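Please open the structure in your viewer and keep the selection panel at hand. The stops below can be taken in order, each beginning with something to select.

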Amino acid sequence: MSVGLGLPIGDPATLLTWARRADAAPFRSIALLDRLAYGNPEPLITLAALAGATSRVRLQTEVLLAPLHRTALLAKQAATLDLLSGARFTLGIGLGGRADDYAAVGVDKRTRGRRLDGQMARLRSVWAGEPYGADVGPIGPAPARTGGPEVLFGGFVPAVIRRVARWGDGFLGAALPAPLMDGLFRKVEAAWDEAGRPGRPRLVAQVNVALGPEAVLDEARREARAYYDPSEYTDHVVNGLLTTERQLRDTVTAFRAIGADEVMLYCWATDPDQVDRIADAVL
C-alpha cells in the first residue's frame with residue numbers, strides 16, 4: 001500500500017515547496033481539492049505547475065467537481081496534463097454539494113449527477129480519439145495513457161459505486177474510519193465484478209491530518225472549519241483530524257488491513273515541514 005499527500009489550500013504560494021518536498025520523499029501522490037466559490041487555487045492549473053516542479057510523484061484532483069466544468073475543455077485539459085506530466089495524472093471526480101459553486105456557473109445543482117454521467121461518456125470518447133460530434137472533429141492532444149488518465153470517483157452513495165464500475169478505474173473514499181470504508185470497498189469490488197470489468201478497481205482512502213506544534217494544529221483546524229462550514233459534517237471533520245504520529249500509523253495500518261491501495265493524508269495547515277514530519281511517521 002502506498003501513501004499520498006493532500007496539499008493545503010490556505011497559501012498557494014507554498015505549494016511548489018510542498019510538491020518538491022513530497023517528490024523527494026516516498027509519497028506516491030500529491031493531491032488538490034476543488035471548489036469554485038472559495039479561495040482555493042484552481043486545481044488543474046496548479047497541478048500543471050506542480051508537474052513542472054516534480055519528476056516522480058503522481059498528481060491528483062481530490063476531487064474535481066466535474067459538473068462545474070465544460071466537458072470538451074475538461075477533456076482537453078485532463079489529456080494535456082496527463083501528457084505533459086508523463087502519465088502521472090489521476091483525475092479524481094466528485095459532485096460536491098455547495099449551492100454557491102453551482103450558482104457561479106449557472107448549473108442546476110439538482111442535475112449534477114445526470115450531468116456527470118453524460119460528461120463521462122464524452123470524456124472517454126474524446127480520450128479515445130473519436131469526433132466530439134456530428135460537426136466537431138476529435139479534440140486532442142491524445143493523453144499519455146491509452147484511454148485517458150486514471151479516473152477515480154469519490155462519494156458515498158450507490159450512484160458513485162455504479163460510476164466506478166462503468167466509467168472509472170477506482171474509488172476514493174474520504175473521512176470514514178476503516179471499518180466503515182471496508183464496507184464501501186467491498187461494494188465497489190462487487191459492482192466491478194458484476195459489470196464484467198477485468199482486474200480490480202483501485203481503492204483509495206482519504207483522511208485529514210496535521211502534525212506539528214500547537215500553532216500548526218490550530219491553523220489546520222481553522223482551515224478545515226472554514227472550508228466545510230456551514231455543514232452538518234463540519235464538527236465531524238474538525239474533531240476527526242489526525243494530529244499525532246500514533247494516530248497516523250494506526251490509521252494507515254487499519255486501511256492496509258482492509259485492502260486499500262493508497263491512503264491520502266490530507267493536510268490543512270500550510271507549514272511545509274509537515275511533509276517531513278508525516279513521512280517520518282508513516283513511511
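Which side chain meets that of D261 in a salt bridge? Select D261 and R200, whose side chains form this salt bridge at 3.0 Å, N to O, the term standing for a side-chain nitrogen of Lys or Arg within 4 Å of a carboxyl oxygen of Asp or Glu. D261 sits in the loop between α10 (245-257) and β9, and R200 in the loop between α7 (178-194) and β8, so the pair ties together parts that are 61 residues apart in sequence; helices (H or I, at least four residues) and strands (E, at least two) are DSSP runs, numbered from the N terminus. D261 is buried at a relative accessible area of 19%, whereas R200 is partly exposed at 45%, where buried means under 20% relative accessible area, exposed over 50%, and partly exposed in between (1.4 Å probe, protein chains only). Extend the selection to D182, R186 and E189, which salt bridges with shared partners join with R200 and D261 into one network.

Before going further, note that this is a predicted model, in which local features need pLDDT of at least 70 and side-chain atom pairs count only at pLDDT 80 or more, while totals for chains, interfaces and linings use all residues. Residues are numbered from 1 along each chain as its sequence is written, and side-chain values use heavy atoms, with hydrogens and water left out.

A search of the whole structure finds 21 salt bridges. For another of them, select D101 and R35, whose closest N and O atoms are 2.6 Å apart. This pair links distant parts of the chain, with D101 in helix α4 (residues 99-105) and R35 in the loop between β2 (29-32) and α2 (43-53), 66 residues apart. D101 is buried, with a relative accessible area of 1%, and R35 also counts as buried, at 8%.

Keep R35 selected and add Y227, because R35 leads on to the rings: R35 lies over the face of Y227, at 5.8 Å from the ring centre, a charge sitting over a ring if NZ of Lys or CZ of Arg is within 6 Å of the ring centre and within 35 degrees of the ring normal. Next, add Y228 and W268. The search of the whole structure finds six aromatic pairs, where rings of Phe, Tyr and Trp (its six-membered ring) pair if their centres lie within 6.5 Å, planes under 30 degrees apart counting as stacked, over 60 as edge-to-face and the rest as tilted. Y227 and Y228 form an edge-to-face pair, 5.0 Å centre to centre with 85° between the planes, while Y227 and W268 form a tilted one, at 5.5 Å and 45°. Y227 lies in helix α8 (residues 214-228) and W268 in the loop between β9 (262-267) and α11 (273-282), so this tilted pair ties together parts that are 41 residues apart in sequence. Y227 is buried at a relative accessible area of 10%, and W268 is buried at 2%. With Y38 and Y266 added to the selection, Y227, Y228 and W268 complete one aromatic cluster.

For the last stop, select R58 in strand β3 (residues 58-61). What lies around this buried arginine? R58 has no salt bridge, and the nearest side chain of opposite charge, E150, is 4.1 Å away, with Lys and Arg counted as positive, Asp and Glu as negative, and His and the chain ends not counted. The side chain of R58 makes a polar contact with the side chain of T90 at 2.8 Å, a polar contact being a pair of N or O atoms within 3.5 Å, of which, within protein, one must be able to donate a hydrogen and the other to accept it, residues adjacent in sequence counting only if both atoms are side-chain atoms. The backbone oxygen of A87 lies 3.0 Å from a polar atom of the R58 side chain. Finally, select E150 with R202, which form a salt bridge whose closest N and O atoms are 4.0 Å apart.
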